[in-house]
Amino acid sequence: NCKRFHQQFKGSERIYPAVGIQGVYVCSTETLLGARDYALENDLLLTFHLSETRKEVSDCKRKEGKRPGDYLSSIGFLNDHCVAAHAAWLTINEVRALAAAGTKVSTCPCSNMKLATGGVAPLPEMFQNGVTVSIGTDGSTTNNSLDLFGEMKTLSLLQKANRWDPTVLPAQKVLDLATIEAARAVRMDQLIGSIEVGKKADLVILNGKAANLRPARPDTIVSNLVYSACGGNVKSVLCDGRAVMLEGVLTTMDEEKVLVDAEDAANSLLG
């Protein structure tokens, strides 16, 4: 399926195929290395879950004799095309292995907290060792809102609370993780992630008059974006210069019809 999707959509203007596998608790060594080879041969992103739960770690130690990060490093799986989701239950040696291989991380704080996995991604150590970090939501069943503004706030507060340090993840750093560092994580920072001449015009415009974003002062704008904003504040969205939302109205679909169809599907499935 992965190869078929790649062959069908490679070279598309707006679709960037990638290789996605679950993780060490599902995939054999053969599957892991096959996915690695296909990703490298075709210059594709390679995503997978890594050390999301303590059980995943203990099961891998029992099966392979190593923690997941150490095991993936030992078989030569890790490389600079990789993005490891979660990466919560890592040792410093595993962090260093990710850094040495150029593997990126997508931390998913809301999902981890909702599932009560107990792990907190060691972001300070990742930063110290040069690991590129981005922010993920995980899926709707373990996150619900998929609101990246809420994810930024939660991530910052979680890291501060976990380290007993209010300066451990400042607002500007969090915003970087959601923008330019995210672009680096998916190996697209030459195209997206910042507002620069020559990059794709991917822009999100918020309603600056909203009460939760006031007062709007130059020295508090970034803090407001991270700690006060929400998805409901978004007015317009441009993807590669094309408006997909204008003044709160989606331009690419009938939003109400999609929502009604979704509710009908839910009622049909669940009764």
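These are my notebook entries on what I looked up in this structure, which is a predicted model.

**Entry 1: the sheet**

I started with the strands. I found an open sheet of 5 strands, and its order reads S1-S2-S3-S4-S5, with parallel pairing. Which strands sit at the edges? They are strand S1 (18-20) and strand S5 (133-135), and each of them pairs on one side only. I also looked up the twist: on average, neighbouring strands of this sheet are turned by 25° against each other, direction ignored.

A reminder to myself on what holds such a thing together: strands of a sheet pair through backbone hydrogen bonds, either parallel or antiparallel.

Next I took one pair on its own. S1 runs parallel to strand S2 (residues 45-50), and 3 bridges link the two. For a spot to find by eye, I picked Ala18, which stands opposite Leu45 in S2.

**Entry 2: His86, a strand residue with positive phi**

I stayed with the sheet for one more residue. Where is His86? It is placed in strand S3 (residues 82-86). Its phi is near 75°, a positive value in a residue other than glycine. Is His86 buried or exposed? His86 is buried, because its relative accessible area is 0% and the cut-off for buried is under 20%.

**Entry 3: two packed helices**

I moved on to a helix pair. Two packed helices are described by the angle between their axes and the distance between the axes. For helix H8 (residues 148-163) and helix H9 (residues 171-178), I get an angle of about 135° and axes 10 Å apart. How should I label that angle? Anything over 145 degrees would count as roughly antiparallel, so H8 and H9 are oblique to each other. Their crossing is right-handed.

I then listed who makes the contact. H8 brings Leu148, Met152, Leu155 and Ser156, while H9 brings Val174, Leu175, Leu177 and Ala178.

**Entry 4: salt bridges**

How many salt bridges does a search of the whole structure find? The search gives 12. I went through some of them, and looked up how exposed each partner is.

Among them is the one between Asp37 and Arg36, whose side chains meet at 2.8 Å, N to O. Asp37 is partly exposed, with a relative accessible area of 32%. Arg36 has a relative accessible area of 18% and is buried.

Another joins the side chains of Lys199 and Glu196, at 3.3 Å from N to O. Here Lys199 counts as buried at 15% relative accessibility, whereas Glu196 counts as partly exposed at 46%.

I also noted the side chains of Arg217 and Asp219, which form a salt bridge at 3.3 Å, N to O. Arg217 has 45% relative accessibility and counts as partly exposed. Asp219 is exposed, because its relative accessible area is 56% and exposed starts over 50%.

Some salt bridges share partners: Lys55, Asp59 and Arg62 are joined that way into one network.

**Entry 5: a cis peptide bond**

Which residues does a cis peptide bond join? It joins Arg214 and Pro215, and omega there is about -5°. Pro215 belongs to the loop between strand S6 (203-206) and helix H11 (221-227).

**Entry 6: Asp240 and Ala201**

I came back to positive phi values with Asp240. Its phi is near 55°, again positive in a residue other than glycine. Asp240 lies in the loop between strand S7 (234-239) and strand S8 (242-246). At 29% relative accessibility, Asp240 counts as partly exposed.

Then I checked Ala201, in the loop between helix H10 (180-185) and S6. Ala201 counts as partly exposed as well, at 31% relative accessibility. What does Ala201 touch, not counting residues up to four places away in sequence? I found Leu238, Cys239, Asp240 and Gly241. So Asp240 turns up here too, as one of the contacts of Ala201 within the 4.5 Å cut-off.

One last distance for the notebook: Ala201 and Pro17 are 184 residues apart in sequence, and their C-alpha atoms are 21 Å apart in space.

Key:
Residues are numbered from 1 along each chain as its sequence is written. This is a predicted model: local features need pLDDT of at least 70, side-chain atom pairs count only at pLDDT 80 or more; totals for chains, interfaces and linings use all residues. Side-chain values use heavy atoms; hydrogens and water are left out. Two strands pair if DSSP finds at least two bridges between them. Helices (H or I, at least four residues) and strands (E, at least two) are DSSP runs, numbered from the N terminus. Axes are lines fitted to C-alpha atoms, for helices over the stretch in contact, and angles run from 0 to 180 degrees between N-to-C directions. A salt bridge is a side-chain nitrogen of Lys or Arg within 4 Å of a carboxyl oxygen of Asp or Glu. Buried means under 20% relative accessible area, exposed over 50%, partly exposed in between (1.4 Å probe, protein chains only). Angles under 35 degrees count as roughly parallel, over 145 as roughly antiparallel, 65 to 115 as roughly perpendicular and the rest as oblique. A crossing is left-handed if the near helix is turned anticlockwise from the far one by less than a right angle, and right-handed if clockwise.
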